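Hi,

Here is the structure I promised to pass on. Have a look at it first, and then read on for my notes.

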Amino acid sequence: HLPPTLQREIRRCLSSARLLKVPFIKSSPKLLMERVATCVEPLIVFADEVVVHEHHHGDRLFLINSGLVEISSGRTHRRYRSITDGCYFGDVAVLLDVRRTATCTAKMQTHLYTLHGSTLRDVLLDYPAGLATKRYSARRRHLRVLMLDPRYTLTPEQRDEITRGEEKLFDRLDVDEEDAQTEIFQDPTTLATLSSMSSRAL
């Protein structure tokens, strides 16, 4: 058997290489990436296995190494997004301290990495700019789900944000900036294949 320290080092190196698929990890300072790589846990889920349940409490972030995950909401009673390699989910509950806002279901065997919310928050506290960026993205994702409901109306706090000139938060909510940075979402051919795979999996 290998010594525990060597096992941890091998695991960190393997995780670091695979986490480079995730744009916000790839663009992060090396120390942040290494801290995350040391703490993530691998998870394999199978077709039609629910990873996240809408309205449940949850404090884990999920990063997709390979596979396909469908995101759906009770507000529309259907899938509204499919994500794949390099994307992540679960950040809304982890960073905004709310219940899960959507149901996330694997549509094929999917290899994930999971990270406890407390670990992510602790790591990001040392990188205030990164924390602010991730919370901003999480708020946009939260708004995107809320506004799937045609009856949804802005809260007084949200109206105040628009009045203060923060309307960019509400602009083009159909575009997910985090997913858009992944290789598969930048390649129209691959993205079309993803859509086809998702349709066949339904």
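Before the notes, one definition that will help: the axes I mention are lines fitted to C-alpha atoms, for helices over the stretch in contact, and angles run from 0 to 180 degrees between N-to-C directions. With that in hand, take helix 5, residues 117-125, which lies across strand 3 and strand 8 and runs at about 65° to strand 8. Please keep in mind throughout that this is a predicted model.

Now for the overall picture. The protein contains 10 helices and eight strands. Of its 202 residues, 44% are buried. If you take contacts between residues at least 6 apart in sequence, 75% of them join residues at least 24 apart. The accessible surface is about 11,100 Å², and carbon and sulfur atoms account for 55% of that.

Next, the sheet that helix 5 brings us to. Four strands form an open sheet in the order 1-8-3-6, and their pairing is antiparallel. Strand 1 (41-45) and strand 6 (88-89) are at the edges with a single partner strand each, so one side of each has no neighbour in the sheet. Strand 3 (residues 60-66) and strand 8 (residues 110-116) run antiparallel and are joined by six bridges. If you want a spot to zoom in on, try phenylalanine 62, whose bridge partner in strand 8 is threonine 114.

I also looked for enclosed space. Rolling a probe the size of a water molecule over the atoms reveals where empty space remains. Searching the whole structure turns up two cavities of 30 Å³ or more. The largest cavity holds about 240 Å³ of space. It is lined by 20 residues, and those closest to its centre are Ile71, Tyr80, Phe89, Gly90 and Val92. Which elements each supply at least two residues of that lining? They are strand 5 (78-84), strand 6, helix 4 (91-96) and helix 6 (128-146).

One last residue to look at is serine 72, which sits in strand 4 (residues 68-73). Is serine 72 buried or exposed? Its relative accessible area is 16%, and buried means under 20%, so serine 72 counts as buried. Setting aside neighbours within four places in sequence, serine 72 is in contact with Glu54, Arg78, Arg79, Tyr80, Ala102 and Thr103. Tyr80, in that list of contacts, is also one of the residues closest to the centre of the largest cavity.

Happy browsing, and best wishes!

How values were computed:
Residues numbered from 1 in each chain as written. Predicted model: local features only at pLDDT ≥ 70, side-chain atom pairs only at ≥ 80, totals over all residues. Heavy atoms only, no water. Pairing = 2+ DSSP bridges. Contact = heavy atoms within 4.5 Å. Buried < 20%, exposed > 50% of the residue type's maximum accessible area, 1.4 Å probe, protein only. Areas by Shrake-Rupley, 256 points an atom, 1.4 Å probe, with all protein chains shown as cover. 1 Å grid on protein atoms, 1.4 Å probe; cavity = no way out; pocket = protein on both sides within 12 Å on 5 of 7 lines; lining within 4 Å. Points joined across faces, edges and corners; volume = space filled by probe spheres on them.
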